[in-house]
Amino acid sequence: MKKLLYLTIAVALLTACGKTYEEEKRERQEMKVQLAREDSAALKIAVLPTLDCLPVYVAKELDLFDTTVVDVRLKPFTAQMDCDTALMGKSAEGTVTDLVRMQQLVKKGAKIHYVAQTGAYWMLFTNRNARISQLKHLEDKMVAMTRYSVTDMLTDRAVDSAKVKSEFVFRIQVNDINVRMQMLNNNIMDALWLTEPQATMARLRKNPVLMDSRKVGMNYGVLAFNQQKMRTYERKQQLAAFVKGYDAACDSINKYGVAHYRDLVARYCDVKPEVVDSLPKDIKFVHARGPLQKDIDKVDAWLKNH
(Lines give C-alpha, C1' and ligand atoms only; values in the text may rest on other atoms or scores of the structure.)
Protein backbone atom coordinates (compact mmCIF):
# COMPACT_ATOMS: atom_id res chain seq x y z
CA MET A 1 0.00 0.00 0.00
CA LYS A 2 2.83 2.35 0.95
CA LYS A 3 4.59 1.60 -2.37
CA LEU A 4 1.41 2.42 -4.25
CA LEU A 5 1.14 5.70 -2.37
CA TYR A 6 4.74 6.65 -3.22
CA LEU A 7 4.14 5.75 -6.88
CA THR A 8 1.00 7.90 -6.98
CA ILE A 9 2.88 10.85 -5.46
CA ALA A 10 5.76 10.44 -7.95
CA VAL A 11 3.38 10.38 -10.92
CA ALA A 12 1.59 13.44 -9.57
CA LEU A 13 4.88 15.32 -9.18
CA LEU A 14 6.03 14.38 -12.71
CA THR A 15 2.68 15.49 -14.10
CA ALA A 16 2.90 18.77 -12.22
CA CYS A 17 6.43 19.39 -13.51
CA GLY A 18 5.63 18.41 -17.10
CA LYS A 19 4.75 21.02 -19.72
CA THR A 20 1.28 21.27 -21.13
CA TYR A 21 0.63 20.70 -24.82
CA GLU A 22 -0.01 24.41 -25.32
CA GLU A 23 3.27 25.33 -23.62
CA GLU A 24 5.24 22.90 -25.77
CA LYS A 25 3.46 24.15 -28.88
CA ARG A 26 4.31 27.76 -28.01
CA GLU A 27 7.97 26.92 -27.35
CA ARG A 28 8.25 25.07 -30.68
CA GLN A 29 6.75 28.04 -32.46
CA GLU A 30 9.13 30.44 -30.71
CA MET A 31 12.09 28.23 -31.65
CA LYS A 32 10.89 28.10 -35.25
CA VAL A 33 10.66 31.89 -35.39
CA GLN A 34 14.12 32.25 -33.85
CA LEU A 35 15.71 29.84 -36.33
CA ALA A 36 13.99 31.61 -39.23
CA ARG A 37 15.29 34.95 -37.95
CA GLU A 38 18.85 33.60 -37.71
CA ASP A 39 18.65 32.08 -41.20
CA SER A 40 17.34 35.34 -42.62
CA ALA A 41 20.25 37.29 -41.12
CA ALA A 42 22.87 34.75 -42.30
CA LEU A 43 24.69 35.00 -45.65
CA LYS A 44 23.33 32.09 -47.67
CA ILE A 45 25.16 30.67 -50.68
CA ALA A 46 23.50 28.32 -53.19
CA VAL A 47 26.01 25.63 -54.15
CA LEU A 48 26.22 22.62 -56.46
CA PRO A 49 28.10 19.32 -56.03
CA THR A 50 30.86 20.62 -58.32
CA LEU A 51 34.52 21.50 -57.89
CA ASP A 52 34.05 25.22 -58.59
CA CYS A 53 32.40 25.42 -55.16
CA LEU A 54 35.48 24.00 -53.41
CA PRO A 55 36.80 27.30 -51.95
CA VAL A 56 33.40 27.90 -50.36
CA TYR A 57 33.35 24.36 -48.95
CA VAL A 58 36.92 24.65 -47.62
CA ALA A 59 36.29 28.05 -46.04
CA LYS A 60 33.19 26.70 -44.33
CA GLU A 61 34.84 23.48 -43.12
CA LEU A 62 38.01 25.20 -41.84
CA ASP A 63 36.12 28.10 -40.22
CA LEU A 64 37.92 30.62 -42.42
CA PHE A 65 34.93 32.95 -42.36
CA ASP A 66 35.04 35.44 -39.48
CA THR A 67 31.99 34.23 -37.55
CA THR A 68 31.88 37.46 -35.52
CA VAL A 69 30.92 39.22 -38.75
CA VAL A 70 29.28 36.64 -40.99
CA ASP A 71 27.33 33.42 -40.51
CA VAL A 72 27.74 31.66 -43.88
CA ARG A 73 25.18 28.98 -44.60
CA LEU A 74 25.35 26.73 -47.64
CA LYS A 75 22.20 25.84 -49.56
CA PRO A 76 22.92 22.71 -51.65
CA PHE A 77 21.16 22.09 -54.96
CA THR A 78 21.79 19.79 -57.91
CA ALA A 79 20.50 22.07 -60.69
CA GLN A 80 21.50 25.59 -61.73
CA MET A 81 17.87 26.59 -62.18
CA ASP A 82 17.22 25.85 -58.52
CA CYS A 83 20.19 28.03 -57.59
CA ASP A 84 18.71 30.84 -59.70
CA THR A 85 15.37 30.48 -57.92
CA ALA A 86 17.10 30.64 -54.54
CA LEU A 87 19.13 33.69 -55.59
CA MET A 88 16.11 35.64 -56.81
CA GLY A 89 13.90 34.45 -53.97
CA LYS A 90 14.46 34.34 -50.23
CA SER A 91 16.70 31.28 -49.98
CA ALA A 92 20.12 32.72 -50.91
CA GLU A 93 22.05 35.94 -51.36
CA GLY A 94 24.78 34.41 -53.53
CA THR A 95 25.41 31.43 -55.79
CA VAL A 96 28.15 29.59 -57.66
CA THR A 97 27.00 29.43 -61.28
CA ASP A 98 28.00 30.54 -64.78
CA LEU A 99 28.15 33.91 -66.51
CA VAL A 100 25.54 33.08 -69.14
CA ARG A 101 22.88 32.21 -66.58
CA MET A 102 23.54 35.37 -64.62
CA GLN A 103 23.53 37.66 -67.66
CA GLN A 104 20.22 36.08 -68.66
CA LEU A 105 18.87 37.22 -65.29
CA VAL A 106 20.37 40.67 -65.88
CA LYS A 107 18.56 40.73 -69.22
CA LYS A 108 15.33 40.19 -67.28
CA GLY A 109 16.08 43.11 -64.96
CA ALA A 110 18.01 41.52 -62.10
CA LYS A 111 20.89 43.38 -60.44
CA ILE A 112 23.82 40.98 -60.19
CA HIS A 113 27.14 41.64 -58.46
CA TYR A 114 30.03 39.42 -59.55
CA VAL A 115 32.48 38.59 -56.78
CA ALA A 116 34.70 35.95 -58.39
CA GLN A 117 35.56 33.90 -61.43
CA THR A 118 35.71 30.27 -60.38
CA GLY A 119 37.80 28.83 -63.21
CA ALA A 120 35.18 26.18 -63.90
CA TYR A 121 35.37 24.44 -67.25
CA TRP A 122 32.99 22.16 -69.13
CA MET A 123 33.66 19.11 -71.29
CA LEU A 124 31.38 17.57 -73.88
CA PHE A 125 31.27 13.82 -73.45
CA THR A 126 29.77 11.29 -75.77
CA ASN A 127 28.36 7.99 -74.69
CA ARG A 128 31.05 5.35 -75.12
CA ASN A 129 28.52 3.14 -76.91
CA ALA A 130 27.26 5.85 -79.26
CA ARG A 131 30.10 5.59 -81.81
CA ILE A 132 30.52 9.36 -81.91
CA SER A 133 34.14 10.37 -82.40
CA GLN A 134 33.81 13.85 -83.93
CA LEU A 135 31.57 16.86 -83.45
CA LYS A 136 30.07 16.39 -86.91
CA HIS A 137 28.66 13.08 -85.71
CA LEU A 138 26.27 15.00 -83.43
CA GLU A 139 23.84 15.37 -86.33
CA ASP A 140 20.53 13.71 -85.40
CA LYS A 141 21.89 13.11 -81.89
CA MET A 142 20.72 14.29 -78.45
CA VAL A 143 22.87 16.62 -76.34
CA ALA A 144 22.01 17.19 -72.67
CA MET A 145 22.48 20.80 -71.56
CA THR A 146 20.75 23.66 -69.74
CA ARG A 147 19.01 26.43 -71.64
CA TYR A 148 20.54 29.89 -71.31
CA SER A 149 23.66 28.56 -69.65
CA VAL A 150 27.28 28.18 -70.68
CA THR A 151 26.44 24.64 -71.87
CA ASP A 152 23.85 26.07 -74.26
CA MET A 153 26.37 28.58 -75.60
CA LEU A 154 29.02 25.87 -75.91
CA THR A 155 26.62 23.65 -77.83
CA ASP A 156 26.23 26.47 -80.36
CA ARG A 157 30.01 26.66 -80.60
CA ALA A 158 30.25 22.90 -81.16
CA VAL A 159 27.56 22.93 -83.84
CA ASP A 160 29.14 25.89 -85.65
CA SER A 161 32.64 24.37 -85.64
CA ALA A 162 31.30 21.07 -86.97
CA LYS A 163 29.28 22.89 -89.65
CA VAL A 164 26.19 20.96 -88.66
CA LYS A 165 22.73 22.51 -88.97
CA SER A 166 21.60 23.52 -85.50
CA GLU A 167 18.10 22.12 -85.97
CA PHE A 168 19.57 18.66 -86.56
CA VAL A 169 21.22 18.60 -83.12
CA PHE A 170 18.56 17.91 -80.50
CA ARG A 171 19.18 19.86 -77.31
CA ILE A 172 17.64 18.12 -74.35
CA GLN A 173 17.27 20.21 -71.20
CA VAL A 174 18.59 18.16 -68.31
CA ASN A 175 19.25 20.52 -65.41
CA ASP A 176 20.02 18.10 -62.61
CA ILE A 177 23.70 17.11 -62.52
CA ASN A 178 23.02 13.71 -61.00
CA VAL A 179 20.32 12.90 -63.54
CA ARG A 180 22.71 13.87 -66.33
CA MET A 181 25.31 11.44 -64.99
CA GLN A 182 22.73 8.67 -64.70
CA MET A 183 21.70 9.22 -68.31
CA LEU A 184 25.32 8.85 -69.40
CA ASN A 185 25.89 5.75 -67.32
CA ASN A 186 22.69 4.12 -68.54
CA ASN A 187 23.32 4.88 -72.22
CA ILE A 188 20.26 7.13 -72.47
CA MET A 189 21.93 10.26 -73.84
CA ASP A 190 24.21 10.56 -76.89
CA ALA A 191 26.29 13.46 -75.53
CA LEU A 192 26.28 15.84 -72.58
CA TRP A 193 28.21 18.59 -70.84
CA LEU A 194 29.91 18.02 -67.49
CA THR A 195 32.21 20.00 -65.23
CA GLU A 196 34.47 18.63 -62.49
CA PRO A 197 34.50 16.25 -60.70
CA GLN A 198 31.74 14.63 -62.77
CA ALA A 199 33.89 15.11 -65.89
CA THR A 200 36.67 13.01 -64.36
CA MET A 201 34.15 10.36 -63.38
CA ALA A 202 33.01 10.20 -67.02
CA ARG A 203 36.61 9.95 -68.23
CA LEU A 204 37.33 7.10 -65.86
CA ARG A 205 34.40 5.23 -67.38
CA LYS A 206 35.99 5.56 -70.82
CA ASN A 207 33.51 8.05 -72.25
CA PRO A 208 35.21 10.05 -75.06
CA VAL A 209 35.60 13.84 -74.89
CA LEU A 210 34.49 15.79 -77.95
CA MET A 211 35.11 19.34 -76.73
CA ASP A 212 36.69 21.24 -73.82
CA SER A 213 35.62 24.80 -72.97
CA ARG A 214 39.20 25.71 -71.98
CA LYS A 215 40.34 25.21 -75.56
CA VAL A 216 37.80 27.67 -76.95
CA GLY A 217 38.32 30.39 -74.35
CA MET A 218 34.97 29.99 -72.61
CA ASN A 219 35.73 29.61 -68.91
CA TYR A 220 32.66 31.36 -67.58
CA GLY A 221 32.28 30.08 -64.02
CA VAL A 222 31.31 32.84 -61.56
CA LEU A 223 30.37 33.48 -57.97
CA ALA A 224 27.53 36.00 -58.03
CA PHE A 225 25.34 37.84 -55.54
CA ASN A 226 21.93 39.41 -55.78
CA GLN A 227 22.90 43.07 -55.55
CA GLN A 228 19.48 44.13 -54.30
CA LYS A 229 19.94 41.95 -51.23
CA MET A 230 23.41 43.31 -50.44
CA ARG A 231 22.69 47.01 -50.05
CA THR A 232 22.65 47.30 -46.26
CA TYR A 233 25.75 48.06 -44.21
CA GLU A 234 25.46 44.68 -42.47
CA ARG A 235 25.35 42.78 -45.76
CA LYS A 236 28.34 44.70 -47.10
CA GLN A 237 30.30 43.79 -43.98
CA GLN A 238 29.29 40.16 -44.41
CA LEU A 239 30.40 40.18 -48.04
CA ALA A 240 33.80 41.62 -47.12
CA ALA A 241 34.28 38.88 -44.51
CA PHE A 242 33.09 36.26 -47.00
CA VAL A 243 35.61 37.38 -49.64
CA LYS A 244 38.42 37.31 -47.09
CA GLY A 245 37.57 33.72 -46.14
CA TYR A 246 37.14 32.73 -49.79
CA ASP A 247 40.59 34.07 -50.68
CA ALA A 248 42.15 32.26 -47.72
CA ALA A 249 40.54 29.02 -48.90
CA CYS A 250 41.94 29.53 -52.42
CA ASP A 251 45.41 30.00 -50.93
CA SER A 252 45.06 26.81 -48.90
CA ILE A 253 43.89 24.74 -51.88
CA ASN A 254 46.67 26.09 -54.09
CA LYS A 255 49.27 25.38 -51.39
CA TYR A 256 48.24 21.86 -50.48
CA GLY A 257 46.47 20.78 -53.68
CA VAL A 258 42.95 19.53 -54.28
CA ALA A 259 44.05 16.03 -53.20
CA HIS A 260 44.60 17.37 -49.67
CA TYR A 261 40.84 17.89 -49.50
CA ARG A 262 40.07 14.49 -50.96
CA ASP A 263 37.48 13.46 -48.39
CA LEU A 264 35.82 16.86 -48.41
CA VAL A 265 35.43 16.85 -52.20
CA ALA A 266 34.11 13.27 -52.14
CA ARG A 267 31.53 14.18 -49.51
CA TYR A 268 30.29 17.47 -50.93
CA CYS A 269 30.36 16.35 -54.57
CA ASP A 270 29.04 12.86 -53.88
CA VAL A 271 31.82 11.04 -55.73
CA LYS A 272 34.18 8.26 -54.71
CA PRO A 273 37.58 9.30 -53.30
CA GLU A 274 39.21 7.53 -56.26
CA VAL A 275 37.59 10.07 -58.59
CA VAL A 276 39.21 12.90 -56.61
CA ASP A 277 42.57 11.15 -56.91
CA SER A 278 42.21 11.24 -60.71
CA LEU A 279 41.39 14.95 -60.99
CA PRO A 280 43.88 17.06 -63.00
CA LYS A 281 46.84 18.00 -60.79
CA ASP A 282 47.12 21.56 -62.12
CA ILE A 283 43.75 22.86 -60.87
CA LYS A 284 44.20 26.25 -59.23
CA PHE A 285 41.83 28.77 -57.69
CA VAL A 286 42.26 32.54 -57.95
CA HIS A 287 41.32 35.22 -55.46
CA ALA A 288 37.92 36.79 -55.76
CA ARG A 289 37.64 39.07 -58.77
CA GLY A 290 34.81 39.52 -61.21
CA PRO A 291 34.73 38.44 -64.87
CA LEU A 292 36.33 40.54 -67.61
CA GLN A 293 34.09 42.97 -69.43
CA LYS A 294 35.00 41.37 -72.76
CA ASP A 295 33.59 38.07 -71.52
CA ILE A 296 30.39 39.76 -70.38
CA ASP A 297 30.11 41.42 -73.80
CA LYS A 298 30.51 38.06 -75.58
CA VAL A 299 27.79 36.50 -73.46
CA ASP A 300 25.46 39.46 -73.98
CA ALA A 301 25.98 39.29 -77.74
CA TRP A 302 25.08 35.58 -77.72
CA LEU A 303 22.00 36.14 -75.54
CA LYS A 304 20.81 38.91 -77.85
CA ASN A 305 20.33 36.31 -80.60
CA HIS A 306 18.58 33.77 -78.39
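Is aspartate 277 buried, partly exposed or exposed? Aspartate 277 turns out to be partly exposed, with a relative accessible area of 32%. Keep in mind that this is a predicted model. The close-ups below start with that residue and its partner.

**View 1. Aspartate 277 and arginine 262 share a salt bridge.** Look for the two side chains meeting with an N to O distance of 2.7 Å. Aspartate 277 sits in helix α11 (residues 273-277) and arginine 262 in helix α10, so this pair ties together parts that are 15 residues apart in sequence. Arginine 262, at 27% relative accessibility, counts as partly exposed. If you go through the whole model for salt bridges, the count comes to 10.

**View 2. Glutamate 61 meets arginine 267 in a salt bridge.** Here the N to O distance is 3.4 Å. Glutamate 61 belongs to helix α3 (residues 54-61) and arginine 267 to helix α10 (residues 262-269), so the pair ties together parts of the chain 206 residues apart in sequence. How open to the outside are these two? Glutamate 61 is partly exposed, with a relative accessible area of 33%. Arginine 267 reaches 51% relative accessibility and so counts as exposed, since the cut-off for exposed is over 50%.

**View 3. Helices α3 and α10 pack against each other.** Two packed helices are described by the angle between their axes and the distance between the axes. For α3 and α10, the angle is about 110° and the axes lie 11 Å apart. That makes α3 roughly perpendicular to α10, because angles of 65 to 115 degrees count that way. The crossing of the two helices is right-handed. On the α3 side, the contact is made by Leu54, Tyr57, Val58 and Glu61. On the α10 side, you'll find Leu264, Val265, Arg267 and Tyr268. Glu61 and Arg267 should look familiar: they are the salt-bridge partners from the previous view.

**View 4. Arginine 235 and glutamate 93 form a salt bridge between distant parts of the chain.** The side chains meet with an N to O distance of 3.5 Å. Arginine 235 is in helix α9 (residues 233-256), while glutamate 93 is in the loop between α4 (80-88) and β3 (94-98), 142 residues away. Both partners are tucked out of reach by the accessibility test: arginine 235 counts as buried at 12% relative accessibility, and glutamate 93 is buried too, with a relative accessible area of 4%. There's a third member to find here, because salt bridges that share partners join Lys44, Glu93 and Arg235 into one network.

**View 5. Strand β4 pairs with strand β10.** In β4 (residues 112-117), 5 of the 6 residues are buried, so the strand is largely enclosed by the rest of the structure. Strand β10 (residues 221-226) runs alongside in the antiparallel sense, and the pairing covers 5 bridges. To get your bearings, find glutamine 117, which stands opposite valine 222 in β10.

**View 6. Glutamine 228 sits in the loop between β10 and α9.** This glutamine counts as partly exposed, at 44% relative accessibility. Which distance separates its C-alpha atom from that of methionine 88? The C-alpha atoms of glutamine 228 and methionine 88 are separated by 9.5 Å, although these residues are 140 residues apart along the chain.

Methods:
Residues numbered from 1 in each chain as written. Predicted model: local features only at pLDDT ≥ 70, side-chain atom pairs only at ≥ 80, totals over all residues. Heavy atoms only, no water. Salt bridge = Lys/Arg side-chain N within 4 Å of Asp/Glu carboxyl O. Helix = DSSP H or I, 4+ residues; strand = E, 2+ residues; numbered from the N terminus. Buried < 20%, exposed > 50% of the residue type's maximum accessible area, 1.4 Å probe, protein only. Pairing = 2+ DSSP bridges. Axes fitted to C-alpha atoms, helices over the stretch in contact; angles between N-to-C directions. Parallel < 35°, antiparallel > 145°, perpendicular 65-115°, else oblique. Left-handed = near helix turned anticlockwise from the far one by under 90°. Contact = heavy atoms within 4.5 Å.
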